[in-house]
Amino acid sequence: MATYDSAFGYVSAHGEPLIDLLDPQPGEKVIDLGCGAGLLTAELHARGAQPLGIDGNVHLIAQATSQFPELSFTVGDAHDFTVSDAYDAVISMSALHWMVRDPDAVIARVYSALRPGGRFVAEMGGAGNCAELIAAMQTAWREFGLTEPELPWFFPTPAGYAGRLEEAGFTVRLLEYFDRPTRMTEGPDGAADWVRVYAAEPLRDVPPPLVQPLLERVNELAAPALRRESGWVADYVRLRFAAVRKADGAPPPPGFEPFPPGPSF
Ligand SMILES: C[S@@+](CC[C@H](N)C(=O)[O-])C[C@H]1O[C@@H](n2cnc3c(N)ncnc32)[C@H](O)[C@@H]1O
């Protein structure tokens with residue numbers, strides 16, 4: 001995943017609307033979860049927040065630290081990270097769908113990192129994300145007599161992810177689910193390059209002499225849906241949400257009655 005930033009800079013280029021949704025206030029302490037090479041983290045800082053970038057990839061954190069030495073970054077796994085202070089917000093761009101081991105554990109860690117009322121704002125792949133790319137991979141793998149690739153992503157439905165957030169103690173304030181066709185700008189080899197960068201894991205299990213012909217077949221299969229005159233376009237589907245951590249055992253608001261007075265059953 002070390003090639004993300006150099007080869008596929010569009011991941012961060014799409015971060016602007018997410019930061020607008022977060023609307024960081026001067027001095028707010030914000031975690032950028034799955035920060036990669038830290039471009040979004042730097043943008044948070046430019047907008048006056050005090051960000052902490054967390055990522056599981058040591059190489060990306062080293063890159064972020066050398067590019068933005070004035071900012072705070074740390075290596076950590078989103079499933080079990082802890083922070084010593086309570087944060088005002090957690091933001092995460094194009095990273096939650098990579099955290100497949102236990103999505104509920106990730107949400108629980110975010111909850112613990114936030115102060116009551118803290119915001120969790122994120123964009124991730126949603127159900128149906130990259131359906132054409134994935135179908136092309138699965139068909140090509142089958143045609144080459146290989147076991148279907150185990151995909152390293154989690155693309156939830158809006159209802160499914162909202163349920164997880166609510167279950168974990170968040171109030172969901174906004175949830176968008178939309179197509180975002182995205183140009184594969186840097187890869188001259190279209191879907192094949194996309195697979196090389198983003199599906200490196202399943203590709204590792206392919207015998208080396210098969211890799212090139214397999215990827216050529218992926219390109220042939222994906223081209224009718226994804227190759228335009230102007231270039232290749234990835235069929236991204238996104239979930240973008242803003243949620244707020246509820247207070248722990250907060251006292252009910254004045255006048256609140258859990259049940260109306262009078263007879264009950
Ligand atoms: C597509 S990149 C996005 C990077 C950055 N947010 C951006 O928008 O440019 C996904 C990032 O999630 C990180 N990641 C994946 N699984 C993780 C985990 N379990 N804990 C922490 N980071 C993780 C990867 O190392 C990678 O940097």
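The following paragraphs describe the sheets, the helix packing and the internal cavity of a predicted model.

The seven-strand sheet is open, and its pairing is mixed. Read across the sheet, the strands follow the order S3-S2-S1-S4-S5-S10-S6. Strand S3 (72-75) and strand S6 (170-179) occupy the edges; each has a single partner strand, so one side of each is left without a neighbour in the sheet. From one strand to the next, the twist averages 15°. Within this sheet, strand S4 (residues 87-93) and strand S5 (residues 114-125) run parallel and are joined by six bridges. Ala89, for example, has Arg119 in S5 as its bridge partner.

Helices also pack on this sheet. Helix H4 (residues 39-46) touches strand S1 (29-33), strand S2 (50-55), S3 and S4, and the direction of H4 makes about 170° with that of S2. Helix H6 (residues 103-113) likewise packs on the sheet, where H6 is in contact with S1, S4, S5, S6 and strand S10 (237-245). The angle between the direction of H6 and that of S5 is about 145°. Strands S1 and S4 are thus among the strands touched by H4, and S1 and S4 are also among those touched by H6.

A further contact is formed between two helices. Two packed helices are described by the angle between their axes and the distance between the axes. For helix H7 (residues 131-143) and helix H11 (residues 208-226), the angle is about 145° and the axes lie 8 Å apart. The crossing of H7 and H11 is right-handed. On the H7 side, the contact involves Glu132, Leu133, Ala136, Met137, Thr139, Ala140, Trp141 and Glu143. These residues meet Leu214, Arg217, Val218, Leu221, Ala222, Ala225 and Leu226 of H11. Sorted by class, the contact comprises eleven nonpolar residues, one polar residue and three charged residues.

Another open sheet consists of three strands in the order S7-S9-S8, with antiparallel pairing. Its edge strands are strand S7 (182-183) and strand S8 (227-228), each of which pairs on one side only. Two bridges connect S8 with strand S9 (residues 231-234) in the antiparallel sense. In this pairing, Arg227 stands opposite Trp232 of S9.

Finally, the interior of the model was examined for enclosed space. One cavity of 30 Å³ or more is present in the structure, and the largest cavity contains about 30 Å³ of space. The lining of the largest cavity is made up of Leu96, Met99, Pro103, Val106, Phe154 and Tyr161. By class, this lining has six nonpolar residues, with no polar and no charged residues.

Note on methods. Residues numbered from 1 in each chain as written. Predicted model: local features only at pLDDT ≥ 70, side-chain atom pairs only at ≥ 80, totals over all residues. Heavy atoms only, no water. 1 Å grid on protein atoms, 1.4 Å probe; cavity = no way out; pocket = protein on both sides within 12 Å on 5 of 7 lines; lining within 4 Å. Points joined across faces, edges and corners; volume = space filled by probe spheres on them. Nonpolar A, V, L, I, M, F, W, Y, C, P; charged D, E, K, R; others polar. Pairing = 2+ DSSP bridges. Helix = DSSP H or I, 4+ residues; strand = E, 2+ residues; numbered from the N terminus. Axes fitted to C-alpha atoms, helices over the stretch in contact; angles between N-to-C directions. Contact = heavy atoms within 4.5 Å. Left-handed = near helix turned anticlockwise from the far one by under 90°.
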